Amino acid sequence: MLPSSYYVFLSAFVFSVGLYGVLTRTNAVVILMCVELMLNAGNLNLIAFATHHGGVAGIAGQTFTLFVLAVAAAEVAVGLGIFILVYRRYGTVDVRKPRLMRW
Amino acid sequence: MAEQALATAALLIPVVPFVAFAVILLGGLLPKERGFGGATSTVLSTASAGVSFALSVYVLLRVQATDASFVAVRTAWVEATGAPDLHFGVLVDPLSALMAVIVSLVAFLVHVFSKYYMNDEGENGLPRYYGAMALFTGSMLAFVFSSNLLMSFIFFELVGLCSYLLIGFWYETPSAASAAKKAFLVTRFGDYFFLVGVAGVFAAFGTFAYHGDGSLFDTAASAIEGNVSVLGVGAETAVTALALLVLGGVIGKSAQFPLHTWLPDAMEGPTPVSALIHAATMVAAGVYLVARLFEFYALSPTALLVVAYVGGFTALFAATMALVMDDIKQVLAYSTISQYGYMMLALGAGGYTAAVFHLTNHAFFKALLFLGAGSVIIATHHKQDMWELGGLRRRMPVTYWTFLAGALALAGIAPFSGFWSKDEALLAVLRNAVNEPLLWVPFGLGLVAVVVTGFYTFRMVALTFHGEPRSEEAREAEEGGFAVYTPLVALGALAVFAGFINAVPLGIHALKTFLGGETFAEYAAETVGYVGEFEPSTALSVTALALAVAGSVAAFRLYAGADEPLRHRDGATARVLEKKYYVDAFQVWLAEDVTYGLSKRLSLFDIDILDGVVNGTSRVSLGSGEAVRRIQTGVVSHYAAVIALGVVGLVALVGLVGGWF
């Protein structure tokens, strides 16, 4: 079995890729996808540690991952709904265009 | 039993006018059609003054018969364990009984005269007039019967309020409204000192009481005797300071220098008001207060000397201004100031009886003179300038003869009342000047004022009643009826005969015996070292009489018959007198230029510094908000970047603190 540190580094890598995408991309859908990457990096961590510890803590970690997946699905649904509305208003999903919420 | 009746009567004397005032006040709520107007108010107020007068006479007779001196009614005002002893009480003693008769008699006669002066002239606002008159009568009588200093202060202020209301009776006239304000403010200035004095007296001696064991006077006297330290200073110093503070209120109310300026302006009020409030009674409140507190003042030689100097100076100072006034009421106003100066002078020299005696006589003859002037003013349709009068003695015989009696009393010519009391006042000063050389100065001032008094009095009589009429109105003057004659004749009789109650040169000492003047003379003798052995009575009387006659005759010769040439007064002295020694101008300068200017300067501190701090705070908040809000770009990526940086920073911080690196 691979040591836990491998999973942790993989998770950190995936998270960083996601964060980079969130910060650099202008397309809202791509940003959402990057957010999913970050979330799943988190899940990867949870699963890795669940396996590492085993027992009750392991069950808890797996359960928590399921919750995160469910929340992520809901978040995607809401996020895509918002993008549709943004698209109707601005004709694009470029996040630099909607700038109403500023000084 | 008899004492019970006396107590009830004494209590009712001030209460009756208060009730009349309340009824008139509430009557104003009734609709006009119900007939509650001028007529009802007149009857109510006049009747209340009449009832008070009858009761006062009863009280006076009983007090004289039984030699009573007690606190008739005593109601606790503040009652609690350990609370200071504050109460309302009715103090019945010779002084208050005498003063009550003076006040209620003059009030009653002035009410009768008002019927002629106000009602018959068709004035509006009669309920207001009579309501204020009733309130005044009640407050003044309550002041007279006050059994402690705090109560005196309360009613002292109330009469001041009535004075304000009545001076400003014709409030549509700007000069009357401003005179009312001036009277209120100037007397209030003195009252600040009085109030501090009242508080100081309580702080020092723990009591306000005038009478009984542990009274204010006993406490103060034993404090001085025991050489106790009061309020952090010696007892005698404290008494002097407190007496001088209270004197501030007296100077304001009795119109003594330098707070005399309000009284001549107060002549803007209706003439009966001038007679009652600004001549006979309210102005007397100051002098009465000193007489009431005489035992207190007698503890401090310094305070007594100050009283004597203020009085002596004012007596001459005001008399000289009366010389050049053209308005008949102005002459009388300055004469009032001057006469109260005499009373203060007498009190300051330990002449308790003399002061009360002069107060009594002055109340009668000055009310008479004012009512006489009122009669002239109505008869000539509000001509007050004496240069437009003249020759009225033929058209108005009753007014003329009674006015003449009052003038003779004022000038101090025997055997009219003013002669006896002025003589005794001067005698009291002279007697003590032998032992206290500092009293020679006020004595000299008082003696010179006798000539001046004679002169201005007969200048007034000559210009008003003698010579030829100098205007159409004076030629056609019509004297009024019953409501004029009754008060004039009653007061005229008093001006002639009142002096005999204490005609010292004739060996009559009735008033002195009644007031217990011996006891009071002893107070002064004990503490100040005034000894009354020197009796130059006859010589002084003759001198004073000669001076008064000289002044009177000179004025009569100059003014009766003559007119235009004497009006020219271009000299520097006349100018100073006509400008009233620039005291008014000085006070206006003090208020407008100095105080207002200083206030404007000081307000800059408020505007620039205090407001500056407040405004600066908000300006900093606004400015920093303006600068910081630029970071809110509205671009999602920027927020994400900031959050990511924040997390990195947080992790770095936790790591640094936690020692990971």
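Biologist: How many helices and strands are there in chain B?
Modeller: This is a predicted model, where local features need pLDDT of at least 70, side-chain atom pairs count only at pLDDT 80 or more, and totals for chains, interfaces and linings use all residues. Residues are numbered from 1 along each chain as its sequence is written, with chains lettered from A and ligands numbered from 1 in the order in which they are written. Helices (H or I, at least four residues) and strands (E, at least two) are DSSP runs, numbered from the N terminus. Chain B has 28 helices and 4 strands.

Biologist: What share of chain B is buried?
Modeller: Buried takes 20 or more other C-beta atoms within 10 Å of a residue's own, exposed 12 or fewer, partly exposed in between, with C-beta atoms placed from the backbone. Chain B has 661 residues. The buried share is 53%.

Biologist: Which helix gives the largest share of the largest nonpolar core?
Modeller: Such a core is a set of buried Ala, Val, Leu, Ile, Met, Phe, Trp, Tyr and Cys residues joined through C-beta atoms within 7 Å. The largest has 226 residues, and Val106(B) and Val429(B) are among those with the most contacts inside it. The largest share, 19 residues, comes from helix 3 (residues 94-119) of chain B.

Biologist: How many residues are in the other core, apart from it?
Modeller: Val22(A), Ile31(A), Cys34(A) and Val93(A) are among its members. The count is 8 residues.

Biologist: How many residues of helix 4 of chain B are buried?
Modeller: Helix 4 covers residues 126-144. Its end C-alpha atoms are 27 Å apart, close to the 27 Å expected (1.5 Å times one less than the number of residues). The helix is mostly covered, with a buried count of 18 of 19.

Biologist: What covers the buried residues of helix 21 of chain B?
Modeller: Helix 21 spans residues 482-497. Val484(B), Pro487(B), Leu488(B) and Leu491(B) are among its buried residues. The cover includes helix 3, helix 15 (352-379), helix 17 (397-411) and helix 18 (417-433) of chain B.

Biologist: Where does UniProt list "transmembrane region" in chain A?
Modeller: The entry is unreviewed. UniProt positions follow the numbering used here, feature names are shortened, and annotations may be inferred rather than shown by experiment. Residues 6-23 are 100% helix in the model, and residues 30-52 are also 100% helix. UniProt lists residues 6-23, 30-52 and 64-87.

Technical notes
Contact = placed C-beta atoms within 7 Å.
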